[in-house]
Amino acid sequence: MNKNVLVIGGAGYIGSACVEELIKNEFNVFVLDNLSTGQVEKVNKKAQMIHGDILDMAVLENVFKDNEFETVIHFAGKKAVGESEEFPELYFENNVKGTLNILSMMSKYNVPKIIFSSTAAVYKPKDNENAIYTEDSEVEPINVYGRTKLMCELIIKDYQRLGKIKEYVIFRYFNVAGDTGLNYIEKNAQNVFPLLTNAILNGTEFKIFGDDYSTPDGSGVRDYIHLKDLVQAHVLGIGSVESGTYNLGTKNGFSVKELIQAFERITNKKMNVVIVEKRKGDPAIVIADSAKANNDLNWQAKSTLDDMVTSTLKAYGYVDDKLI
Ligand code: NAD
């Protein structure tokens, strides 16, 4: 098997961790990234780094013309829900047009397989009692970000159905957290783990958006998956022989208050917490059923919440009770 893999968005939080794992598994890795949010210093030196944009067809043409790839892993997306509602053009252009450009190059240069980063945001939010999502749950995104990902999924499926590419693996990530040892700190991070880390280490205020949801402690419950487990699924995805769409989560939910408790327990510090209004569109509980990935890809999330918390703290320089 040709082991050339093109990782688009490979300088990002998830992409750079995936590149590490691919190199460990002896793939020849090429990274294409415009470094809009990515960090070039986190890209393993064994990978061939190409600085370029998926909206630039000339760049893409050169990358695909000069190399024979077996698989493209496509992480290059904008991912901030709030920003997507404010600047929809940016999101449709970058996420949807960008994916279309990649697919047209794959088709032109006979690259058989794409692995695509999708999201739980494609699902229609459910009531509490049915808060577990399978891949067959109804899709109906409630924001532009989720819509762009669903559009990409549909385009990818059409390209496969029409024989323009051979195979796809679509991964719908739930809440990704933790660090794999690269100490990747996202700039302007809006995810809950970086916010909690800043709050516990720097004393910044942490906001709980609503504490009267019908959950055991009133705060929202989400399914958190360790970055380490997530990238493992991508390596397994390369070896799969059939197209498929897979949830990646743990089927375990943790509430925001449980996360706070874990950070406080592990650091033995108190967090400055305030309760504020619920955010529009935030469901009470979002949990993934990943049985399909378990069965078809032989994939299993192995890490615990404490693994996610300690690895994140370490990435921010906190080890054994102190900042280093
Ligand atoms: P990230 O912002 O760290 O990584 C995205 C990478 O793509 C960056 O390196 C960025 O520079 C690059 N990029 C963006 N637009 C590009 C373009 N036009 N051309 C070339 N490169 C471009 O984000 P991440 O957390 O690593 O997420 C990766 C993917 O996973 C995204 O598509 C995101 O939507 C999806 N996802 C992430 C999460 C999460 O919790 N982090 C959850 C669900 C889905």
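**Ligand shell and an open sheet**

User: Which residue has a polar backbone atom 3.1 Å from a nitrogen atom of the ligand?
Analyst: This is a predicted model, in which local features need pLDDT of at least 70 and side-chain atom pairs pLDDT 80 or more, while totals for chains, interfaces and linings use all residues. Residues are numbered from 1 along each chain as its sequence is written, and side-chain values use heavy atoms, without hydrogens or water. A polar contact here is a pair of N or O atoms within 3.5 Å. The nitrogen atom of the ligand has such a partner at 3.1 Å in the backbone of Asn34.

User: How much of the ligand's accessible area does the protein cover?
Analyst: Accessible areas come from the Shrake-Rupley method with a 1.4 Å probe. On its own the ligand has 820 Å², and the part covered by protein is 96%.

User: Which element gives the most residues to the shell around the ligand?
Analyst: Elements are DSSP runs numbered from the N terminus: helices (H or I) of at least four residues, strands (E) of at least two. Those giving two or more residues to the shell are α1 (13-24), β5 (113-119) and α5 (144-161). With three residues, the top contributor is β5.

User: Which strands stand at the edges of the open four-stranded sheet?
Analyst: Strands pair if DSSP finds at least two bridges between them. The order is β6-β15-β10-β13, with mixed pairing. Each edge strand has a single partner, so one of its sides is left without a neighbour in the sheet; the two are β6 (132-133) and β13 (254-255).

User: Which residue of β15 is the bridge partner of Tyr133?
Analyst: β6 and β15 (residues 285-288) run parallel, joined by two bridges. In β15, Tyr133 is bridged to Ala288.

Methods: Polar contact = N/O pair within 3.5 Å; in protein donor to acceptor, adjacent residues only side chain to side chain.
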